[in-house]
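User: Welcome! Let's go through this model together, one question at a time.

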Amino acid sequence: LYKHRQENLGLEHPKTLSTRGMLIALCRATKQADLLLPLQLLVSKEAAEEHGEIDPRSIHAKRLVARLHQQVGNEDLAQEILIQCEELERRAKKDQTVDQRMAAAKIQHNLCVKLFRAYHFEEASDLAERTLTEKQLLLPDGDPSIMATLDLISVLHRAEGRIDQAIEVSREVLQWHRKTHGDLVNKTMIVQERLGKLLLTSDEPEQGEELLQQVYETWKVERGPGDPYTIGVRSRLRDYNRKTMQYEKWLPFEKITYQEKVERYGAASDHVVTYRDTLAAVHAGLKDYDSAMALYRWQLASLTERLGAVDEATMTTAQRLALCLREAGKRDESEKLLLDMLKLSTTECGPTHKKTRELQNSLAWSYIVWGEPKRGIAIAKPLCDLEDKLGEPNSYHLDTLAEGYFAIGDASTAYKLGHRAVSLPNVHPTMLERLEGYCQALDGSPTDTSESLVKF
């Protein structure tokens, strides 16, 4: 298409240029440097003609030509072009006034933003560092323009996975905003929110949570609870509390989300189902079993009426209600519900269906909890054998079987099964805690246990 338009419409026609832009984007995305090089040469030539060869946009385009030559193996030519770029930059600094150099630095900054938005992070990072150096030469420490580029560098560090560097730069930018604008103004809060999100993924998540909580409380007043920014921070805090199982902090956020969904879609809507399940799980985590069971029962009745008893969503809710009943000490009702659902799933879905196997595991674990580990093993062992035969071993089901053997005093078998469980995907931290317990019960703990814990 590009060749056709080039021949029939000419190089400068808007449709030709548009097609060339798409072709450049495709070549970048597929890393085809040999196809991209002649296109970038055209872009570089046009930039120099339009803006002048010492303009930062022209120099950047020329640097990309050098990078492409490196990628196709023309190392000598690439170095020659890079030397030309350095010379052009020296000329620009020598011939231009401070104001002109500052204008050029702003152009570079804007170009960095464009590259970032186009996902060209490496190019954007390289240009941003050079822009920062130029601004630091021209402007006093703490100038807003320097901080803007530092803020962009922090974002680029995060985009390329350099979290520690991103945190370091973000802290510097946040400190400047607090000193210049104050703690609670919007600009400061935006930087603080970004730093908080970074810290949640680092080894300082508690500090990240604290920063985000401050942002949430501020924006809830200043922007309103329904503002997209406020909702975004609230969602981030809710997810963090969920992952860390901080139920008391998690519950208020989940209640707000649940109420919003009910008001928007109606209590019987499919959109509300997931949130009602989650809200029930939070109540159960706080040992508020009455509230949890009430939500599960309401949902079970609703799903049974709308979808039928055999639907997977209905059976999942019934399973969760049964486990909640177990934790609340209502064994008879829990056991009956699990047995009924297992019979239904086996009949309607088949003995190898995923839901049938999940229900078997829940029943096996329940018997272990109720002090009948042999009955648990009698269910869990055939289940694990079946999954081995199917080629679908399950870490949670092996963990249940291991706990059953440990409960009858067979720590050696428990260790072997537990060790196999943690070698599979979807490992939960409690599996490793139990594995450690099995090792401690053995005479002379296996040496690879600590390695498994470190690997996890």
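User: Which residues are exposed on the other side of H17?

Analyst: A note before we start: this is a predicted model, where local features need pLDDT of at least 70, side-chain atom pairs count only at pLDDT 80 or more, and totals for chains, interfaces and linings use all residues. Helices are DSSP runs (H or I, at least four residues) numbered from the N terminus, and exposed means over 50% relative accessible area, buried under 20% and partly exposed in between (1.4 Å probe, protein chains only). On that side of H17, the exposed residues are Asp332, Lys336, Lys343, Thr347 and Glu348.

User: And which residues of H17 are buried?

Analyst: Residues are numbered from 1 along each chain as its sequence is written, and side-chain values use heavy atoms, without hydrogens or water. Looking for the buried part of H17, we find two serines, Ser334 and Ser345, and one glutamate, Glu335, on the list. The others named there are Leu337, Leu338, Met341 and Leu342.

User: Within what arc do the buried residues of H17 fall?

Analyst: Picture looking down the axis of H17, taking directions from the axis to the C-beta atoms. The buried residues line one face of the helix, because they fall within an arc of 165°.

User: How far apart are the end C-alpha atoms of H17?

Analyst: H17 covers residues 331-348, which makes 18 residues. At 1.5 Å a residue, times one less than the number of residues, H17 should span 26 Å. The model agrees with this expectation, as the end C-alpha atoms are apart by 25 Å.

User: How many disulfides does the whole structure have?

Analyst: A disulfide here is a pair of cysteine sulfur atoms within 2.5 Å. A search of the whole structure on that basis gives a count of zero.

User: Which cysteine has the sulfur nearest to that of Cys85, and how far away is it?

Analyst: Cys85 takes part in no disulfide. Its nearest cysteine sulfur belongs to Cys112, at a distance of 15 Å.

User: Is Cys85 buried or exposed, and what about Cys349?

Analyst: Cys85 has 0% relative accessibility, so it counts as buried. Cys349 has 28% relative accessibility, and therefore Cys349 counts as partly exposed.

User: How far apart in space are Glu80 and Leu295?

Analyst: Glu80 sits in helix H5, which runs over residues 75-95. Because its relative accessibility is 45%, Glu80 counts as partly exposed. In sequence, Glu80 and Leu295 are separated by 215 residues. In space, C-alpha to C-alpha, the separation of Glu80 and Leu295 is 71 Å.
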